[in-house]
Amino acid sequence: MHPKDQTIFALSSGRPPSAIAVARISGAQASAALTLLAGKIPRPRLATRALLRDANGQPIDDAIVLWFPGPSSVTGEDVAEFHVHGGRAVLAALFTSLSTIADVRAAEPGEYTRRAFENGKLDLTEAEGLDDLIHADTDRQRRQALRQLQGLLGDRARDWRARIIEASALIEAGIDFADEGDVPTELIAPALAGIETLLREIEQVLAAQGRGERLRDGLVIAIAGPPNVGKSTLMNQLARREVAIVSPHAGTTRDVIEVQLDLNGYPVTVIDTAGVRETDDPVEQEGVRRARARAAEADLVLWLRDAEHDINMPRAGTAPIWPVRNKSDLAVGQTAAAQSRGGQGAGEPMFAISASRGDGLAELISALVEFAEAFFGATESGLISRLRQRELLEQTAVSLRRCLVVVGEGEELAAEDLRAAAASLGRLLGRVDVEDILDVIFREFCIGK
């Protein structure tokens with residue numbers, strides 16, 4: 001990252017050309033830039049029409065400008081916005097003019113959000129929520145990310161940290177007044193009761209089985225089976241477009257093909273794998289190896305077969321396997337409705353479909369939606385959306401448990417564990433010792449955010 005005292009600018013709207021583009025500038029030189037280009041500084045937070053001119057007085061565009069003096073701005077610094085026509089030439093002229101101003105430069109990815117974080121406008125969990133919101137592909141991902149941005153986890157973590165500090169103050173007061181008879185007991189007992197309550201709250205959050213993290217990453221469904229049973233046709237039907245080559249010749253798919261889907265608001269990655277069979281072709285052998293590896297890592301496997309290739313999938317991994325009999329339109333007496341029987345495993349559903357005609361696909365997709373709902377669980381109540389957050393909450397819980405265990409050996413040991421717990425929550429919020437991870441987090445943002 002560049003020095004914080006420099007003023008930054010960037011395009012904050014979509015890629016040009018567009019009807020309207022929004023360029024934002026943040027920092028100490030924002031007022032000078034606004035005066036140079038628009039000729040004046042408008043009233044704060046009031047959209048004002050202005051003819052933008054470059055340093056030579058040549059017109060750039062007829063635009064709308066806004067002025068947000070710090071600290072009442074998105075970054076906590078002076079911020080100006082230019083709403084211009086979204087042509088490439090207009091933006092090039094605007095950015096060229098901004099670049100001529102001393103100590104003004106183009107922003108790096110995530111630099112606006114990082115400045116907002118460093119100026120106390122949002123904590124690290126809210127910044128992560130903003131990043132997730134930008135990259136959300138489905139409605140459920142959007143809702144989870146927005147709740148994080150609005151302080152879903154951050155507000156709870158701040159409350160937990162305040163309660164830990166309060167309990168720590170009571171215990172340390174007990175240490176200071178150890179010679180006053182029963183005073184330490186009067187102070188320490190309520191502190192320990194508060195710690196036990198707090199620990200139960202954090203353990204309940206951690207027991208949510210990583211649902212928030214799973215919603216952020218998505219569900220992985222692998223389509224596997226012998227060659228030429230219609231895996232690529234089923235893939236295209238689910239994607240509603242041609243994403244895989246369909247051929248009557250066995251072994252057409254040599255590598256793993258992936259497509260991202262929105263399944264009733266749930267993010268799903270569907271994988272089409274090479275046909276599983278014994279072969280002397282080294283390229284196809286590698287495809288089969290990759291197919292087996294991805295199927296073993298998937299959350300659900302659709303094992304496709306037909307009357308000619310009626311074999312079960314070799315069990316690999318822990319993911320459930322759903323047998324799907326394809327080409328039901330060619331089989332005498334076979335219906336396209338979902339069926340239930342044994343085969344791959346007790347209680348696992350079996351489906352009969354015609355991937356080419358679409359028979360039975362509605363029932364299969366409905367079952368996939370139900371599986372996704374069960375897989376992600378009650379994500380609306382999940383607080384954790386990233387592994388970093390889970391690890392720091394686990395560290396907090398460990399410190400609190402240790403505090404309750406060692407308090408009998410000495411209040412000093414318990415106080416030290418409480419300090420460790422408060423520090424873990426501070427790192428979760430980004431307020432304590434997180435400099436080493438800030439660059440990693442903010443460089444994932446797009447430029448202009």
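**Salt bridges through the chain**

Arg158 is partly exposed, with 34% of its relative accessible area showing, and this residue makes a good way into the predicted model. Its salt-bridge partner is Asp155, and the closest N and O atoms of the two lie 2.7 Å apart. Asp155 counts as partly exposed too, at 42% relative accessibility. Both residues belong to helix 6, which covers residues 152–176; they sit three residues apart there, so about one helical turn separates them.

Let's move on to a pair from another part of the chain. Lys327 and Asp306 form a salt bridge with 3.0 Å between their closest N and O atoms. This one links distant parts of the chain, as the two residues are 21 residues apart. Lys327 lies in the loop between strand 11 (321–325) and strand 12 (338–340), while Asp306 lies in the loop between strand 10 (300–305) and strand 11. Their surroundings can be compared through accessibility: Lys327 is partly exposed at 27%, whereas Asp306 is buried at 3%.

Next comes a set of residues tied together by shared partners. Glu77, Arg105, Glu111 and Arg115 are joined into one network by their salt bridges. Within this group, the side chains of Arg105 and Glu111 meet with an N to O distance of 2.5 Å. Are these two residues buried or exposed? Arg105 has a relative accessible area of 12%, and because buried means under 20%, it counts as buried. Glu111 is likewise buried, at 3% relative accessibility.

If you would like to look for others in the viewer, the count for this model comes to 21 salt bridges.

How values were computed. Residues are numbered from 1 along each chain as its sequence is written. This is a predicted model: local features need pLDDT of at least 70, side-chain atom pairs count only at pLDDT 80 or more; totals for chains, interfaces and linings use all residues. Side-chain values use heavy atoms; hydrogens and water are left out. A salt bridge is a side-chain nitrogen of Lys or Arg within 4 Å of a carboxyl oxygen of Asp or Glu. Buried means under 20% relative accessible area, exposed over 50%, partly exposed in between (1.4 Å probe, protein chains only). Helices (H or I, at least four residues) and strands (E, at least two) are DSSP runs, numbered from the N terminus.
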